[in-house]
Amino acid sequence: MKIITVARDMQRTIRAEKRAGKSVGFVPTMGYLHEGHRRLLTNARRENDLVVLSIFVNPTQFGPNEDFETYPRDMNRDEKIAEEAGVDFIFFPAVQEMYHDEPSVNVTVQNRTAVLCGRKRPGHFDGVATVLTKLFHIIQPDKAYFGMKDAQQIAVIDGLIKDFHFDIELVPVPTVREEDGLAKSSRNVYLHQEERREAKELYQSLQLAKRAIEDGVASPARIAGMIREHLEASTSGEVDYIEIYSYPDLEPLEKLKGKIIIALAVKFKQARLIDNITMALS
Ligand code: AMP
């Protein structure tokens, strides 16, 4: 496994490998790797000749009052996990390497961002789309792996890949969870003991909603109300949003049908947690 910090070096290395006929699987992350990231890496390892992991805490996707400075980082540990997962290259650039000088061009996302985290975190998906555009050009992957935990991110990247004609297959990977159902996240370390116990209720509330829908409840407002009631009764966190849309278009629905997403965000003292489920309804 090799660690590369310079974009041009990474680009040339990949170009040579691709010329030799190798397929490239790419897993972009912000590091502090956990089982969720590991699943993306395992899938990439299985399906490609080469696996590239990027570790970059991208400043442009953080808002002014968000946790960019304090975002957890542990490169030594990440290296070990990457090595075990069979990664060939870690691309690990400094902020100045990705964003030198005043930028001439930034990517602005037009669609699928007026709801969910996009509404709550203005500019977040512009930052994601901008850094991924850079990373896609540097890594030139055949396949790129993203977790369904960040389902809106997948919807946005789907648009980015199509609109900008990237010759990349987007591979969505199901959310990896703790035993009690909490979605694995680098930010779970921020949770206090009691909050950690409560955090399983996010997934519990989604399961409750799923059962209600399977039992015939077809009103999005009723389902959202049930989730809110459950979360308010069982956690000390503040509900940031509970929203239900078509997926991946993220359009509002009068009645639940087709492919849908039920997504929520809850703010605890030091951590804002998100979770979602998707369902295919007839
Ligand atoms: P992050 O480092 O949080 O930016 O995440 C990097 C990638 O890992 C993104 O595609 C995430 O959606 C994915 N990911 C994060 N947590 C999980 C999880 N619990 N299960 C599956 N994928 C995840």
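Pro 248 is situated in the loop between strand E7 (238-246) and strand E8 (258-267); helices (H or I, at least four residues) and strands (E, at least two) are DSSP runs numbered from the N terminus. The peptide bond that leads from Tyr 247 to Pro 248 is cis, its omega being near 5°. Most residues other than glycine have a negative phi, and most peptide bonds are trans. The structure is a predicted model, in which local features need pLDDT of at least 70 and side-chain atom pairs count only at pLDDT 80 or more, whereas totals for chains, interfaces and linings use all residues. Residues are numbered from 1 along each chain as its sequence is written, and side-chain values use heavy atoms, with hydrogens and water left out.

**Backbone with positive phi**

Arg 112 is not a glycine, yet has a positive phi of about 70°. Arg 112 belongs to the loop between helix H4 (95-98) and helix H5 (116-120). His 165, likewise a residue other than glycine, has a positive phi near 55° and lies in the loop between helix H7 (151-163) and strand E6 (169-173). His 165 is exposed, at a relative accessible area of 69%; buried means under 20% relative accessible area, exposed over 50%, and partly exposed in between (1.4 Å probe, protein chains only).

**Helix H7**

His 165 follows helix H7. The 13 residues of H7 should span 18 Å at 1.5 Å a residue, and the end C-alpha atoms are 18 Å apart, which agrees; the expected span is 1.5 Å times one less than the number of residues. H7 is mostly covered, with 10 of its 13 residues buried. Among them are Ile 154, Val 156, Ile 157, Leu 160 and Ile 161, as well as the polar-named positions Gln 152, Gln 153 and Asp 158. The buried residues of H7 pack against helices H5 and H6 (124-139) and against strands E5 (143-147), E6, E8 and E9 (272-281).

**Ligand site**

Around the ligand there are 17 residues, of which Met 30, Gly 147, Asp 150, Val 176 and Lys 184 come nearest; a residue is near a molecule if one of its heavy atoms lies within 4 Å of it. The table gives polar contacts of the ligand, a polar contact being a pair of N or O atoms within 3.5 Å (within protein, one must be able to donate a hydrogen and the other to accept it, and residues adjacent in sequence count only if both atoms are side-chain atoms).

| Residue | Protein atom | Ligand atom | Distance |
|---|---|---|---|
| His 37 | side-chain N or O | oxygen | 2.9 Å |
| Val 176 | polar backbone atom | nitrogen | 2.8 Å |
| Lys 184 | backbone N or O | nitrogen | 2.9 Å |

Taken alone, the ligand exposes 490 Å², and the protein buries 93% of that; these accessible areas come from the Shrake-Rupley method with a 1.4 Å probe, and for residues only the protein chains shown count as cover. Strand E2 (24-29), helix H2 (35-47) and strand E5 each give two or more residues to the shell around the ligand. The largest share, 3 residues, comes from H2.

**Annotated positions**

His 37 is located in H2 and is listed by UniProt, in an unreviewed entry, for "active site". UniProt positions are given in the numbering used here, feature names are shortened, and annotations may be inferred rather than shown by experiment. His 37 counts as buried at 13% relative accessibility. Residues up to four places away in sequence aside, His 37 touches Thr 29, Gly 31, Tyr 32 and Ser 186, where contact means heavy atoms within 4.5 Å.Gln 61 is listed by UniProt for "binding site", again in an unreviewed entry. Gln 61 sits in the loop between strand E3 (50-55) and helix H3 (75-84) and is buried, with a relative accessible area of 10%. Not counting residues up to four places away in sequence, the contacts of Gln 61 are Met 30, Glu 66, Arg 121, His 124, Gly 127, Val 128 and Val 131.

**Two further loop residues**

Thr 235 lies in the loop between helix H9 (220-234) and E7 and is buried, at a relative accessible area of 11%. The side chain of Thr 235 reaches the backbone nitrogen of Gly 237 at 3.3 Å. Neighbours within four places in sequence aside, Thr 235 is in contact with Glu 198, Glu 201 and Phe 268.

His 192 is in the loop between E6 and helix H8 (193-214) and counts as partly exposed at 38% relative accessibility. Beyond four places in sequence, His 192 touches Lys 269 and Gln 270. His 192 and Gln 270 are 78 residues apart in sequence, and their C-alpha atoms are 8.4 Å apart in space.
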